[in-house]
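Visitor: Got a minute to walk me through this one? I'd like to get a feel for the fold before I go back to the bench.

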Amino acid sequence: MSYTIGQSAKLRKTITEADIILFAGISGDANPVHIDEIAARESRFGRRIAHGMLGAGLISAVIGMHLPGPGTIYLNQSLAFRSPMYIGDTVTAYAEIKSLRDDKPIATLITKVLNEEGKTLIEGEAIVLLPS
């Protein structure tokens, strides 16, 4: 497959309580702000939030399944967590090809997770080895 600068892909998902509980179990991150309603109410967020890395996982899904797609290998990913994801948010994970190396099958991607209002929740940049 050939790739072009500006090419993009996205994935939409509504964040559920089950997503948060399953992610806590898989990752071992049982931070009360994610799983304890009372503790979360007393936090700066006022309610439970999804794990930031759950959102980062959605970026990984876009990269691994859509663009560049199956066979892509992560080399690097920067992430800036701008705003929390809440249960019930419908988020869009997005990746766009920013640059392509001429000497190697490597691409730099702009990565983001936005909520349904278009607010940036996570932003960053990925460097990936393109599939052969």
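Guide: Sure, we'll go through the sheet, a helix and some salt bridges; keep in mind that this is a predicted model.

Visitor: Let's begin with the sheet. What's the strand order?

Guide: Five strands make an open sheet in the order β1-β3-β4-β5-β2, and the pairing is antiparallel. β1 and β2 (73-81) sit at the edges with a single partner strand each, so one side of each has no neighbour in the sheet. From one strand to the next, the twist averages 20°.

Visitor: Which helix packs on that sheet?

Guide: That's α4, which touches β1, β2, β3, β4 and β5. The direction of α4 makes about 140° with that of β2.

Visitor: Okay, β3 and β4. How many bridges do they share?

Guide: Eight, with β3 covering residues 90-100 and β4 covering 106-114, paired in the antiparallel sense. A hairpin of five residues leads from β3 to β4. If you want a landmark, Leu100 has Ala107 in β4 as its bridge partner.

Visitor: And what about β4 with β5?

Guide: β5 is residues 120-129, and nine bridges join it to β4, again running antiparallel. Those two strands form a hairpin as well, with five residues between them. In that turn, Gly118 has a positive phi of about 85°.

Visitor: Which residues of β5 stand opposite Thr108 and Ile110?

Guide: Thr108 stands opposite Ile127, and Ile110 stands opposite Glu125.

Visitor: Does Glu125 have a charged partner, and if it does, which residue is it?

Guide: Its partner is Lys98: the two side chains meet in a salt bridge, 2.7 Å from N to O. Glu125 is in strand β5 and Lys98 in strand β3, so this pair ties together parts that are 27 residues apart in sequence.

Visitor: Are those two buried or exposed?

Guide: In between. Glu125 counts as partly exposed at 30% relative accessibility, and Lys98 is partly exposed too, at 42%.

Visitor: How many salt bridges does the structure hold?

Guide: Six. Another one of them links Glu37 and Arg41, at 4.0 Å from N to O. Both residues belong to helix α3 (residues 37-41) and lie four residues apart, about one turn of the helix.

Visitor: Why does a spacing of four help in a helix?

Guide: An α-helix has 3.6 residues a turn, so residues three or four places apart point the same way. And side chains of opposite charge can pair when their charged atoms come close.

Visitor: How exposed are Glu37 and Arg41?

Guide: Glu37 is partly exposed at 36% relative accessibility, while Arg41 is exposed, with a relative accessible area of 51%.

Visitor: Switching topic: which residues of α1 are buried?

Guide: α1 runs over residues 17-27, and its buried residues are Asp19, Ile20 and Ala24. They take up an arc of only 130° around the axis, which puts them on the same side of α1. Leu22, Gly25 and Ile26, on the other side, are exposed.

Visitor: What covers the buried residues?

Guide: The cover includes β1 (8-14), α2 (32-35) and α4 (52-65).

Visitor: Hang on, an Asp in the buried set. What does Asp19 pair with?

Guide: Asp19 forms a salt bridge with Lys13, and their closest N and O atoms are 2.9 Å apart. Asp19 counts as buried because its relative accessible area is 16%, which falls under the 20% cut-off. Lys13 is partly exposed at 27%.

Visitor: And Glu17, what does that one contact?

Guide: Glu17 is also in helix α1. Setting aside neighbours within four places in sequence, Glu17 is in contact with Arg48 and Ile87. Glu17 is partly exposed, with a relative accessible area of 42%. The C-alpha atoms of Glu17 and Ser2 are 39 Å apart, for 15 residues along the chain.

Visitor: What comes after α1?

Guide: Gly28 follows, with a positive phi near 85°.

Visitor: Last one: what does UniProt list for residues 7-104?

Guide: The unreviewed UniProt entry lists that range as "domain: MaoC-like". Over residues 7-104 the model is 35% helix and 28% strand, with the end C-alpha atoms 18 Å apart.

How values were computed
Residues are numbered from 1 along each chain as its sequence is written. This is a predicted model: local features need pLDDT of at least 70, side-chain atom pairs count only at pLDDT 80 or more; totals for chains, interfaces and linings use all residues. Side-chain values use heavy atoms; hydrogens and water are left out. Buried means under 20% relative accessible area, exposed over 50%, partly exposed in between (1.4 Å probe, protein chains only). The arc is that of the directions from the helix axis to the C-beta atoms. Contact means heavy atoms within 4.5 Å. Two strands pair if DSSP finds at least two bridges between them. Axes are lines fitted to C-alpha atoms, for helices over the stretch in contact, and angles run from 0 to 180 degrees between N-to-C directions. UniProt positions are given in the numbering used here, feature names are shortened, and annotations may be inferred rather than shown by experiment.
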